[in-house]
Amino acid sequence: MSTSTSEELVMSLGTLCVNPFELSFDELDSSLEATAAAGYSGISVWPFVLGTAGVDVAWLVDRLQELGLNHPVAEAAFGWLNSDRDAAAGEVAYLSEYASAVGSRELVAVTMEPSLPPMDDVVSRFRTLCQGAAEAGLQVSMEFLPWTGIPDLATAWEIIERADCDNSGIMVDTWHWFRQPGGPNPDLLRQIPAEVLRVVQLCDAAAQLPDDMDIATETMTARLLPGDGAVDFADVLGIIVGSGATPIWFPEVFSSTLAAAGPHTMAPQVLAATRSVLS
């Protein structure tokens, strides 16, 4: 398997910090510097953490330019399933403005709800999200999370197929792929068109969920470097690359242990491990 990792490898910036939800200015800036120094092409940062760091989007745009980094993926639309259509539309407008400012071309859609409304409603609301994003020139990649109402690839694909939007796609996170109910689903992945597989987040997982940890804690604190766990990268990445897909490669290794060493130590570790599984 061979990929063009040198062209675009995007760091999930929050993973370089022990508490990704509350970045100080120093943590944000040192993480940006570490990402650039390690050789990544870009970053993705949750917009809300800019406030905790005391900066605005204009500051981020200038800093990215100084460091030669791009920001191709905007994360994330959480409210698209809201029955309050005005609130959902407001979130899309805010994220579209953010994406335009930082130069993102892809918007991630997720839900944190443990269950879904009727599927017809889900499809309709996702279609509305895609239509709003399209007006801003954005693609929408749905991310499935194992503990939510969209827990697996099959559910995400059903929604995307039924919504039938030209700008919709799927994000495959290899930790979610491994932990999805029923485990990895390579047969379904082979059926999904290459143009739908637009973002791949890379990390690894222990063979079994630790006895002293729930799944939500593991995903935010105990992911492993790609290649250090039980994910079959040759299989899942082989299918994706073999399909002809050219996704944004996007390491996201939430690990309290790795982050404690600091961003200038962690960033090159993640880069080396990611390039190893990609090549």
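**Helix 5, the largest pocket and local backbone geometry**

In the predicted model, the elements that cover the buried residues of helix 5 include strand 3 (73-77), helix 4 (85-102), strand 4 (106-109), strand 5 (139-143), helix 6 (153-163) and strand 6 (168-173). The buried residues of helix 5 are Val122, Val123, Arg125, Phe126, Leu129, Cys130 and Ala133. An α-helix has 3.6 residues a turn, so residues three or four places apart point the same way. Helix 5 comprises 17 residues (119-135), for which a rise of 1.5 Å a residue predicts a span of 24 Å, and the separation of 25 Å between its end C-alpha atoms agrees with this expectation. Just after helix 5, the backbone of Gly137 adopts a positive phi of about 75°.

The largest pocket encloses about 450 Å³ of space and is lined by 22 residues, among which Phe21, Trp46, Phe78, Val110 and Met112 lie nearest its centre. Strand 3, helix 4 and helix 9 (215-221) are the elements that each give two or more residues to this lining. By residue class, the lining of the largest pocket consists of 15 nonpolar, two polar and five charged residues.

Met112, one of the residues nearest the centre of the largest pocket, is also among the contacts of Trp147, which, apart from neighbours within four places in sequence, touches Met112, Pro114, Trp175, His176, Ile215 and Thr219. Trp147 is located in the loop between strand 5 and helix 6, and its relative accessible area of 28% places Trp147 in the partly exposed class. The C-alpha atom of Trp147 is separated by 10.0 Å from that of Thr111, although the two residues are 36 places apart along the chain.

Strand 7 (residues 197-202) and strand 8 run parallel and are joined by four bridges, with Leu202 standing opposite Pro251 of strand 8. Within strand 8 (residues 248-251), Ile248 and Phe250 point one way whereas Trp249 and Pro251 point the other way, and all of these residues are buried.

Two further features concern the backbone. Most residues other than glycine have a negative phi, and most peptide bonds are trans. The peptide bond from Glu75 to Ala76, however, is cis, with omega near -10°, and Ala76 belongs to strand 3, one of the elements covering the buried residues of helix 5. Asp164, which is not a glycine, has a positive phi of about 55°; Asp164 lies in the loop between helix 6 and strand 6 and, with a relative accessibility of 61%, counts as exposed.

How values were computed. Residues are numbered from 1 along each chain as its sequence is written. This is a predicted model: local features need pLDDT of at least 70, side-chain atom pairs count only at pLDDT 80 or more; totals for chains, interfaces and linings use all residues. Side-chain values use heavy atoms; hydrogens and water are left out. The expected span of a helix is 1.5 Å times one less than its number of residues. Buried means under 20% relative accessible area, exposed over 50%, partly exposed in between (1.4 Å probe, protein chains only). Contact means heavy atoms within 4.5 Å. On a 1 Å grid over the protein atoms alone, a cavity is a set of points where a 1.4 Å probe fits but cannot get out, and a pocket is an open set with protein on both sides within 12 Å along at least five of seven lines; lining residues have an atom within 4 Å of a point. Grid points are joined across faces, edges and corners, and a volume is the space filled by probe spheres set on the points. Ala, Val, Leu, Ile, Met, Phe, Trp, Tyr, Cys and Pro count as nonpolar, Asp, Glu, Lys and Arg as charged, and the others, Gly among them, as polar. Two strands pair if DSSP finds at least two bridges between them.
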